[in-house]
Amino acid sequence: MTFHTIVCIKAVVARAPQGRIVRTTDNSCFNPFDRVALEAALQLKAHTGGRVTVLSMGPPACEVVMAEALAMGADRAVLACDPAFAGADTLATSTTLAAAIETMAPYDLVLFGTRTADSDTGQVGPQTAVALNIPIITGVHQFTCMEDRLEVERTMDHLVESFAVDFPAALTIRPGALQSRDIGLRGLAEAFDDRQVERLQLADLTLSCAQVGEAGSPTRVVSMRPLRQNRQGQFLQGEPADLADKLIQQWTEKGLLD
Amino acid sequence: MDKLLADKHIAVRRSVRAFCERELRPIAAEIDQEARFPWEIFEKMGALGYFGIQVPQALGGAGLDAISYAIIIEEISRVCGAMGLCVTVHNSVAVYPLMAFGSAQQKDRWVRPMAKGDKIGAFCLTEPNAGSDAGAISATAIADGDHYILNANKVFVTNGGVADICLIFARTDPAAGRKGISVVVAERGAPGFVVGDLEDLCGMRANPVSSIRLYDCRVPRENLVGKTGQGLQIGMAALDTGRMGIAAQAVGIAQAALEEATQYAKQRRTFGVTIENHQAIQMMIADMATQVAAARLMVYRAAELSTRKLAFSQESAMAKLFASEVACKVADMAVQIHGGYGYSKAYAVERIYRDARVTRIYEGTSEIHKMVIARSVIQNS
């Protein structure tokens, strides 16, 4: 059986002028944190072979991002797309992704970005792993596939933690771990002209209406408003050495320094 | 505009913009000042398929359509006019004529490495006394057994300083006037192939524009592209495509000017407010944005006609004429909005202003384009 990596990606909202979110193709872009996860999967494939599937949940406008993932080198793109999935919070999203991943079994590795550039919760990776009942390690900066296990390193609180994990496993990949590749023109032409983004609907999953979308979401976004932070200049007076001490004290109080 | 584009074109714009912002933006001012061709960027662009945009995938190209091509040139030029120029000239007036008129063997020999960016192409028509009047060239390609002996002094050759494969317009039959002009490929390194000094130009300075001189340069007869006497026809067909590229380049330059001016207007304060609040500035920004949008639509129209394999000569001439004039006007207004700072190399609009100017001159001046358009309109009326 070839090694199968599934990378969960999101088409994030690029701009929300006046706080309004409109999900159109030209306003959806590849979550930069997920691009790093896909890069990790593609580098793993180049090294050890196997295949890479990208998976997302979202409206049809997300297809452009799925095609970009194909252009980067993914073998297959699957979009969970159904009106019933609308309004999902991170739990309903994770439930849906996990059910979609089950349809693609067997799989060895599930990769996520650490978070998204629009909602920024960082919850979907861990919640999906829990739903799948597989181990997860977050914030990974390096991993190596051995014959029967995965060796993983992550940096937390100035410590490098090393793990050995059995397959299948899930990882979230630290953004600075890799530089994701540029998308070549030929890949784009092939992705859009010759290849298809597959769709999964609710009926394809072993889930009920109550588990997905708004119905399956215990949390609600009640409202959103843009926040303006007023920047203020402040003049400190005194001798340079005292000023330096004052600055360090202020920065420390604000948590800017360790 | 992007809302009206196909998903593929949106993705093409996004990928090229991301690359140019990360790789080209940080060095654009420096390579302009140093008049340095950025080989490091060139190689990356080659790997990404920028040098075979419309070349079929079977020949190693990206296999994209004309709107993608226009968008790519627009996006590169938005960040660096000189590299936009390098890419458009290579794709349009060097690769295209070989694709349209070359033999299968020529495509395999030249287009394949050109599409990967392993070899750079150049179009050598202009001479000291022949530019707009292309039929007045004096270069010769005289048959001698299995070879042509080329003698030519080609000037203002875009990419000239780095070009490997040069399409030389020369007289194979000096007595036959305009019908005696043919296209023969001369490759860098051939005996008698000399690259002249780089031109010290006002704008587009990172492009190694140079003269190419051929002194009794012997090339095999199979280097003839198309048929003997077909030179001007090939040249005009190449320029139809080339004009679209220059028009797209002009749109990119104009877009850059608009963005720089708008950003500056939001920061610069006079009379107690940022200058975006002054009606005089708003009038200019409205004019700039409207003209850039109109020019972009004209370019995409010509590109779409080309993709559908419909006649687009008149439309590409109109797009080139309009977009190049717009680029100059918009760059001028961007400098005006910047005031004295716009005349300083500290701000990007100074480079944009210099880069814009040549778009009204090369690949056919505005005046020649008006002749082409007028003839077409009158003939079809």
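Start by selecting chain B and colouring its buried residues: they make up 54% of the 381 residues in this chain. Here a residue is buried if 20 or more other C-beta atoms lie within 10 Å of its own, exposed if 12 or fewer, and partly exposed in between, with C-beta atoms placed from the backbone.

Before you go on, a word about what is on your screen. This is a predicted model, in which local features need pLDDT of at least 70 and side-chain atom pairs count only at pLDDT 80 or more, while totals for chains, interfaces and linings use all residues. Residues are numbered from 1 along each chain as its sequence is written, and chains are lettered from A and ligands numbered from 1 in the order in which they are written.

Now colour chain B by pLDDT, the predictor's confidence in each residue, from 0 to 100. Its mean is 96, and 100% of the residues of chain B reach 70 or more. The model as a whole scores ipTM 0.92 and pTM 0.92.

**Stop 1: the whole of chain B**

Switch to a cartoon view and you will find 11 helices and 10 strands in chain B. Helices (H or I, at least four residues) and strands (E, at least two) are DSSP runs, numbered from the N terminus. Turn the chain along its principal axes, and its C-alpha atoms fill a box of roughly 80 × 50 × 40 Å.

**Stop 2: three domains**

Colour chain B by its domain assignment: domain 1 (2-119), domain 2 (122-229) and domain 3 (232-379). These bounds come from an automatic or database domain assignment. Which domains should you pick next? Take domain 1 of chain B and domain 3 of chain B, whose C-alpha centres lie 20 Å apart. Their contact takes 24 residues from domain 1 of chain B and 25 residues from domain 3 of chain B. Two residues are in contact if their C-beta atoms, placed from the backbone, lie within 7 Å.

On the domain 1 side, select helix 5 (81-101) of chain B, one of the elements that give two or more residues. Helix 5 of chain B brings the largest share of that side, 11 residues.

**Stop 3: a strand inside chain B**

Select residues 121-124, which form strand 1 of chain B; Gly121(B) and Phe123(B) point one way, Ala122(B) and Cys124(B) the other way, and all are buried. Next add strand 4 (residues 165-171) of chain B, which runs parallel to strand 1 of chain B and is joined to it by four bridges. Two strands pair if DSSP finds at least two bridges between them. Look for Ala122(B), whose bridge partner in strand 4 is Cys166(B).

**Stop 4: where the chains meet**

Show both chains. How many residues does the contact take from chain A and from chain B? It takes 16 from chain A and 18 from chain B. On the chain A side, highlight helix 2 (63-72) and helix 5 (185-193) of chain A, the elements that give two or more residues. Helix 5 of chain A gives the most, with five residues.

**Stop 5: hairpins in chain A**

Finish with strand 7 (residues 136-145) and strand 8 (residues 149-156) of chain A, which run antiparallel and are joined by five bridges. The two form a hairpin with three residues between them. Across this pair, Val140(A) stands opposite Arg154(A) of strand 8.

Then add strand 9 (residues 159-166) of chain A, which pairs with strand 8 of chain A in the antiparallel sense over eight bridges. Arg149(A) stands opposite Asp166(A) in strand 9 of chain A. In this hairpin, which has two residues between the strands, Asp157(A) takes a positive phi near 50°.
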